[in-house]
Structures are given as C-alpha cells and as structure tokens.
Amino acid sequence: MPSLTSKGTSYPKEKELTHVQVSGATDWASSWREALFNLLSDIPPVHRPSITSISIDGTSATTLIVNSKNGELLAGPFLYNESFLDALPAVESIAPVNHTVCSGSSTLCKLVSWWSSEGSSARADTAMLMHQSDWLLWLLHGQYGVSDYNNTLKVGYDPEIDSYPTWLMSQPYWRMLPSVRAPGAPIASVKEDVRSQYGFSKNCVVCTGTTDSIAAFLAARTTEPGRAVSTIIAQSTTESLFSAYCLTTQCSSFFFI
C-alpha cells in the first residue's frame, strides 16, 4: 500500500488513493491535473505541514507546448509512444549519428514537427516546451521553463557537458528549450494558493523531477553493485490508472505519478 513519507518517518495511508480513469478520448492534461490534486487531497491533513519538498516523475518524451505568458496549452500532450516521422529527416540532419533524438518518438521530433507547422506564427514567440513532470510541477510552483537532465535527454541535452549541444542551440526553436537542473533540485516554494488550500508549510519546496524508470530505480533502493531494476509497463487500451508512490531521500517527500 502506498504511504506518505516525510522527515524520515513513514505513515500508513488512512484511505485508499483516488484513481482517475481515462479513455482514449480523454483530455490527458486535464486528467493529469485532476490526478495530481486528488493525490494531494489524499494526504492526511495532519501530515501535510511536515512535508518538506515535492517532486514528480513522468514518462520520458511525453511533451506539451505551452504559452509561457499565460500557461495556455498550445499543443499536445504528445505521449511518449507517439511517433512523428515527418520530423525525423530534419532531426537526423542536425544530430550525431545514432543519437537518442534520432527516433520518431523522441522529444526533439515532437518539437520539430510542431515548429515546422507553427514556427512562423505569432504563437511561436512565447511557446515553451515542457515535459509531463515539468508541467505538473509548474502547477505547484508557477515558474515556466524548468526541467531536469533526465527528461531532457530525448530533446538533445548532453549531461557530459552539462548543456545543450551547439548543433541544437543553433536551431531557430532553441528558445523553446527549458533550463536544466539536476533531478531533485529546488525550484521554488509551493504557490501560495496551493499551499493554503492543502495546508503545506511555507517552507515546502517544489523540486525538479525525473523520468519513470529512474523513479522506479530510486524507489527500489538499489544501492549496491550487482543489483538491478527492471521496469515493465502494462497499458490498457481502455483505461489508465494513476497511482502515487512515495519515498524519502534526505528528509524529502517525492510524489511519483
């Protein structure tokens, strides 16, 4: 059973977590938002003030494009398994051979496909690329354009040089790329309206997220050489269930959707 963890202590849940059932015709962004705030509501009120930080994982290459001025959703969500083969030739022409982005389902292919049709429009001036976890975290902290180096791998971020490569930054859509921090790095305090509604401490911080497989590895607490974690995803064609998993790392609470 999922449990809430905070400041090194694990608390049993007082009730079963709420699940959001969705279908193929569902507005994915709205269902994610509903699931997130359902999960916050499921936390026993007595424990909320002791939560020190919040982070969220999401599926890599699940992408949204939003207006950085008002938060309006301009395109997507594009799910991790959606392929944009129309953009693949353009991506392959700029990226190194066999690079992670050279796949129709990569985040960069999703971005290039959108840019090819909308790049000359006025909407492109304020457009911002966000991953699933970036967007959900934004609902809690309110700052645009912040991501982590796990999620941004499939858009071309290079963790070895700790920046986007030159071949990517020379493209006309480079302004849409989010800034990158380490997973779990502090972004900002929880927004006042969210904090007051759910009873979080003024010191509760929202942190950058990570991807689903990395979250699974952390949750398994595999800390010794010779141990491994396999992630198997089963997806129904008629519905999807959203669940929360929590773990404590240096007295912080992480929520995984």
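This briefing describes a small sheet, a pair of helices and several backbone features of one protein chain. The structure is a predicted model. Its described elements include an open sheet of three strands and the crossing of helices α1 and α4. The backbone features include a cis peptide bond between G76 and P77, as well as positive phi values at A61 and N98.

**The three-stranded sheet**

- Strands of a sheet pair through backbone hydrogen bonds, in either a parallel or an antiparallel sense.
- In this open sheet the strands follow the order β3-β11-β10, and the pairing is mixed.
- The edges are formed by β3 (53–54) and β10 (186–189); each has a single partner strand, so one side of each is left without a neighbour in the sheet.
- Strand β11 (residues 205–207) pairs with β10 in the antiparallel sense, over three bridges.
- Within this sheet, A188 has V206 of β11 as its bridge partner.

**The packing of α1 and α4**

- Two packed helices are described by the angle between their axes and by the distance between those axes.
- Helix α1 covers residues 28–42 and helix α4 covers residues 132–141; their axes come within 11 Å and cross at roughly 55°.
- The two helices are therefore oblique to each other.
- The crossing of α1 and α4 is right-handed.
- On the α1 side, the contact is made by A29, W32, R33, L36, F37 and L40.
- On the α4 side, Q132, W135, L136, L139 and L140 take part.
- By character, the residues of this contact comprise nine nonpolar, one polar and one charged.

**The cis peptide bond**

- The peptide bond that joins G76 and P77 is cis, with omega at about 5°.
- P77 belongs to strand β6, which spans residues 73–78.

**Positive phi values outside glycine**

- A61 is not a glycine, yet its phi is positive, at about 70°.
- This residue lies in the loop between β4 (57–58) and β5 (63–67).
- The relative accessibility of A61 is 1%; the limit for a buried residue is under 20%, and A61 therefore counts as buried.
- N98 is another residue other than glycine with a positive phi, here near 65°.
- The loop between α2 (88–94) and α3 (107–118) holds N98.
- The relative accessibility of N98 is 74%; an exposed residue has over 50%, and N98 therefore counts as exposed.

Terms used
Residues numbered from 1 in each chain as written. Predicted model: local features only at pLDDT ≥ 70, side-chain atom pairs only at ≥ 80, totals over all residues. Heavy atoms only, no water. Pairing = 2+ DSSP bridges. Helix = DSSP H or I, 4+ residues; strand = E, 2+ residues; numbered from the N terminus. Axes fitted to C-alpha atoms, helices over the stretch in contact; angles between N-to-C directions. Parallel < 35°, antiparallel > 145°, perpendicular 65-115°, else oblique. Left-handed = near helix turned anticlockwise from the far one by under 90°. Contact = heavy atoms within 4.5 Å. Nonpolar A, V, L, I, M, F, W, Y, C, P; charged D, E, K, R; others polar. Buried < 20%, exposed > 50% of the residue type's maximum accessible area, 1.4 Å probe, protein only.
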